[in-house]
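Please open the model in a viewer and keep the sequence panel visible. The tour below proceeds by selections, each followed by a description of what is found there.

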Amino acid sequence: MSLDITNEALDQISSQAAQLVAEYFAHIAERPVMAPNHAGKTKSLVNVELPVEGRPLDQLLDECRTVMDLSRHNGHPRFFGYVASPSTPIGAYADLIASALNANITCWRSGPAGTEIEQVVVRWLGSLIRYDGNAKGLLTSGGSMANTIALLIASRRKSPEASRKGLWNAGPPMTIYASEEVHMSIPKAADILGFGRDQVRIVGCDERRRLRVEDLVHRIQTDQSNGFTPICVVGSAGTVNTGAIDPLSEIANVAREYDLWFHVDGAYGAPGAMDHSKKDLFAGLERADSVSLDPHKWLYVPVDAGCLLFRDAAAAAVFTEDAAYIQTHGLADDATFAYWDYGVELSRRFRALKVWLTLGYYGARRIAEAVSKDISLAAYLGELVSNADDFELLAPVELSICCFRYVPKNTHERDLNHLNEQIMAAVQKGGHAYLSNATINGKFALRACITNFRTTKADIEQTIEVVRDAAKKLGHG
Ligand SMILES: Cc1ncc(COP(=O)(O)O)c(C=O)c1O
């Protein structure tokens, strides 16, 4: 039986769904960041029985409204948790177009137009970090997948035979180097890929939370003399906790000297390289062998849109598959291009469309201005907390993350962690702003990550007051 619907029914879905989206975008700032909620509430308010017969559209869209109401609104101007940016309307509609087309971007044959758009988008993203026109890469589900593929490429470069024989037959254990601030996706990738988490050597940080290069060299030399095979160093361009950028040029020198793959996790922070005032911090990024950069983090593209960029496509094609159903017949050159040579996924969404349309609609200049504005708002928050008697800045504001804590007079150091934990929970529940947390030198920090083009200076000032109010309600201040 056909699932096609009449033109009238299609018009009805289109206009009602578009209205829902328009209402959402128009009124997002008036919503609580997080409406009062508890686990199980959504399930108690929507239909949870598998419908045997179809249900009326009005009912379904009403329930959709409930789902929207009970969501956390990452696009609210005072949402500063984790690394989550608002989507733009053009990005949302791009996803609709991609889903309507439902192209499967496994290779050129499967999605010819989508593959070419992805190649274009990847070149654009490469240019944002000053990779030259030869840069290649692929869009991924996110930074975790991009980082995982990067570590796989690094290991195959040292030991191509591991593909057939397995890591256990590929010589001494391989080691990876990263700072103590590295994102959890790196040890997780080491686990998934079979290196083992212990083989990620954790290198200490300086007072700006940046990897200490002397310690890196020391760890590599020690491992070499103990019979390990160092394969890769991971630098961060925007750590998840504080937004620190490792000394990339110096790390690139070490990678070259010890013949290591140099991967930079810029999943969150790499777009910061577009800000002229931060250019020096990113020096050396273009020397990385591979870079993760997530358009769904700081280019305001809807989830999911990660990206792994690499300078040398030949080094990055690590999979050689020979199944009959993937062989190309009657195609040559670029028409034989396949993403399955580079990544884990076979079926892949047409992610490139939303990146292409977002950058096309706004232009790189406006996106870069939004990134710069986020950076200056984080600096403003840093100034406000530094100048206030009842706040303490806990880490330098390098990009768009500010870590601080509330320090009321006459409160003992040992009580501050607990107090700030309680403040964070109260702020999150209160719905007026949303902060997450980080631990910095053992201190519990309220963490604001500003990747939000809707945020204004007034929102930052209001957030300070939201924290003070929460503290007052807890009996402090
Ligand atoms: C620095 C960094 N790397 C990697 C990731 C993982 O990205 P994803 O959640 O898209 O897998 C994050 C997520 O916040 C991150 O901040």
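How many of the residues of strand β5 (residues 261–265) are buried? Five of its five residues are buried, and β5 is thus mostly covered. A residue is termed buried if 20 or more other C-beta atoms lie within 10 Å of its own, exposed if 12 or fewer, and partly exposed in between, with C-beta atoms placed from the backbone. Strands (E, at least two residues) and helices (H or I, at least four residues) are DSSP runs, numbered from the N terminus.

Two remarks apply to every stop. The model is predicted: local features need pLDDT of at least 70, side-chain atom pairs count only at pLDDT 80 or more, and totals for chains, interfaces and linings use all residues. Residues are numbered from 1 along each chain as its sequence is written.

**The whole chain**

Display the full protein chain as a cartoon. Its secondary structure comprises 15 helices and eleven strands. The C-alpha atoms fill a box of roughly 65 × 60 × 40 Å, taken along the principal axes. The radius of gyration is 24 Å, which agrees with the value near 23 Å for a compact globule of 477 residues; the radius is taken over C-alpha atoms, and the globule rule is 2.2 Å times the number of residues to the power 0.38. Of the 477 residues, 44% count as buried.

**The seven-stranded sheet**

Return to β5 and show its side chains. In a regular strand the side chains alternate between the two faces of the sheet. Trp261, His263 and Asp265 lie on one side of β5, Phe262 and Val264 lie on the other, and all are buried.

Next, add strand β4 (residues 229–236). β4 and β5 pair in the parallel sense over five bridges; two strands pair if DSSP finds at least two bridges between them. Within this pairing, Ser236 stands opposite Asp265 of β5. Then select strand β2 (residues 174–179), which is joined to β4 by four bridges, also in the parallel sense. Here Met174 has Thr229 of β4 as its bridge partner.

Extend the selection to the full sheet. It is open, with seven strands in the order β1-β7-β6-β5-β4-β2-β3 and mixed pairing. The edges are β1 (136–140) and β3 (200–203): each has a single partner strand, so one side of each is left without a neighbour in the sheet. The twist averages 20° from one strand to the next; angles run from 0 to 180 degrees between N-to-C directions, and axes are lines fitted to C-alpha atoms, for helices over the stretch in contact.

Now add helix α10 (residues 248–257). α10 lies across β4 and β5, and runs at about 170° to β4.

**The four-stranded sheet**

Move on to the second open sheet. Its four strands have the order β8-β9-β11-β10, with antiparallel pairing. The edge strands, β8 (391–393) and β10 (436–440), each pair on one side only. Neighbouring strands of this sheet are turned by 40° against each other on average, direction ignored.

Select β9 (residues 401–406) and β11 (residues 443–449), which are antiparallel and joined by four bridges. Cys449 of β11 is the bridge partner of Ile401. Helix α13 (residues 352–387) packs on the sheet, touching β8, β9 and β11, and its direction makes about 20° with that of β9; residues are in contact if their C-beta atoms, placed from the backbone, lie within 7 Å.

Helix α14 (residues 413–430) lies across β9, β10 and β11, running at about 30° to β11. Select Ala425 in α14. Is Ala425 buried or partly exposed? Ala425 is partly exposed, because 13 other C-beta atoms lie within 10 Å. Its C-alpha atom is 8.9 Å from that of Ser436, eleven residues away along the chain.

**Helices packed on α13**

Finally, keep α13 and add helix α15 (residues 457–473). Their axes come within 10 Å and cross at roughly 35°. Leu377, Tyr380, Leu381 and Leu384 of α13 make the contact with Lys457, Ile460 and Ile464 of α15.

Replace α15 with helix α4 (residues 89–101). α4 and α13 pack at an angle of about 145°, with their axes 8 Å apart. Ile90, Gly91, Ala94, Asp95, Ile97 and Ala98 of α4 meet Leu353, Lys354, Leu357, Thr358 and Tyr361 of α13.

Technical notes: Contact = placed C-beta atoms within 7 Å.
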